[in-house]
Amino acid sequence: MIGGPFFVLVVAGILGTGLVAGVFCAFSAFVMRGLAALPPAQGVAAMNAINVAAVRPAFMTVFGGAAVLSAVIAVVTFVVWPEEGTVELLLGSALYLFGVFGLTVVANVPRNDRLARLTAGAPEAAVYWPVYVREWTFWNHVRTAASAAAALVYVLALT
């Protein structure tokens with residue numbers, strides 16, 4: 001059984017990955033649907049404002065902190081190699097680091113950057129907006145599932 005400081009570390013990992021899953025789930029469930037219902041100029045402007053607000057300490061501490069915790073959990077798992085939960089701990093870390101953090105870097109952020117370069121009322125923004133919503137939301141669904149799965153397998157490691 002995992003105990004002591006390692007237990008606390010895994011519980012923190014569960015909380016971090018679970019919180020991120022909740023944020024991403026909210027975006028997939030209703031935020032992106034609401035933005036997609038707006039006229040393109042308003043949707044682009046609103047999403048650009050959200051993307052600026054997202055890179056502030058409140059969200060970035062949870063998002064980046066969960067990545068740091070996942071990396072530390074993986075390293076500690078390799079060092080300690082607990083009798084139980086090893087596979088779950090390594091899987092949870094991989095799910096978050098690659099399926100959430102890595103995917104954000106290679107799929108969502110480039111789309112956000114492209115959207116930010118567009119003028120909200122310009123014709124090219126109106127053309128790109130539905131593509132952005134569809135693609136960004138798809139990858140956000142994947143991030144939601146990966147983050148929730150990371151939290152779940154971390155919980156399973158403690159049982």
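Helices here are DSSP runs of H or I that span at least four residues, and they are numbered from the N terminus. With that convention in hand, S93 can be placed in helix α4. The model described in this passage is a predicted one, and the account moves from the overall fold to S93 and its surroundings, then to the cores and the largest pocket.

The protein contains five helices and zero strands. Following the chain from its start gives the pattern α-α-α-α-α. Along the principal axes, the C-alpha atoms occupy a box of roughly 60 × 25 × 20 Å. Of the 159 residues, 40% are buried. The accessible surface amounts to about 8,100 Å², and carbon and sulfur atoms account for 76% of that area. Contacts across the sequence are plentiful in this arrangement of helices: among contacts with a separation of 6 or more, 82% join residues 24 or more positions apart.

A good place to begin a closer look is the pairing of two serines. S93, in helix α4, has a relative accessible area of 2% and is therefore buried, since the cut-off for that class is under 20%. Beyond its neighbours within four places in sequence, S93 is in contact with S70, I73, A74 and Y154. Its partner S70 belongs to helix α3. The relative accessibility of S70 is 0%, so this serine also counts as buried. S70 in turn touches T17, S93, Y96, L97 and Y154, again leaving out residues up to four places away in sequence. Y154 thus appears in the contact list of S70 and in that of S93.

Helix α3 also holds T77. T77 is buried because its relative accessible area is 0%. Outside the four places on either side of it in sequence, T77 is in contact with F6, P82, T86, L89 and L90. Ten residues separate T77 from V87 in sequence, and their C-alpha atoms are 9.2 Å apart in space. In the loop between α3 and α4 sits W81. W81 has a positive phi of about 45°, although this residue is not a glycine. With a relative accessible area of 48%, W81 is classed as partly exposed, because exposed residues must be over 50%.

F98 offers a contrast to the buried serines. This phenylalanine lies in helix α4, yet its relative accessible area is 65%, so F98 is exposed. The C-alpha atoms of F98 and R143 are separated by 9.4 Å, while the two residues are 45 residues apart along the chain.

Attention now turns to the interior. In soluble globular proteins, nonpolar side chains tend to be buried together. In this model, the largest nonpolar core has 13 residues, and those with the most contacts inside it are M32, M47, L115, W129, Y132 and W136. Two or more residues of this core come from each of α1 (4-36), α2 (40-54) and α5 (123-158). The greatest contribution is that of α5, with six residues. W136 shows how one core residue meets its surroundings: apart from residues up to four places away in sequence, W136 touches F27, M32, M47, N108, R111, N112 and R143. A second, separate core has ten residues, among them I2, L89, A157 and L158. L89 also belongs to the contacts of T77 described above.

The final feature is the largest pocket, which holds about 400 Å³ of space. Its lining is made up of 19 residues, of which N51, A54, V55, F59 and N112 are the closest to the centre of the pocket. At least two lining residues are supplied by each of α1, α2, α3 (57-80), α4 (86-116) and α5. The largest share, five residues, comes from α2. Sorted by class, the lining has 13 nonpolar, four polar and two charged residues. N112 links two parts of this description, being one of the residues closest to the pocket centre and one of those touched by W136.

Notes:
Residues are numbered from 1 along each chain as its sequence is written. This is a predicted model: local features need pLDDT of at least 70, side-chain atom pairs count only at pLDDT 80 or more; totals for chains, interfaces and linings use all residues. Side-chain values use heavy atoms; hydrogens and water are left out. A nonpolar core is a set of buried Ala, Val, Leu, Ile, Met, Phe, Trp, Tyr and Cys residues joined through side-chain atoms within 4.5 Å. Buried means under 20% relative accessible area, exposed over 50%, partly exposed in between (1.4 Å probe, protein chains only). Contact means heavy atoms within 4.5 Å. On a 1 Å grid over the protein atoms alone, a cavity is a set of points where a 1.4 Å probe fits but cannot get out, and a pocket is an open set with protein on both sides within 12 Å along at least five of seven lines; lining residues have an atom within 4 Å of a point. Grid points are joined across faces, edges and corners, and a volume is the space filled by probe spheres set on the points. Ala, Val, Leu, Ile, Met, Phe, Trp, Tyr, Cys and Pro count as nonpolar, Asp, Glu, Lys and Arg as charged, and the others, Gly among them, as polar. Accessible areas come from the Shrake-Rupley method with a 1.4 Å probe; for residues, only the protein chains shown count as cover.
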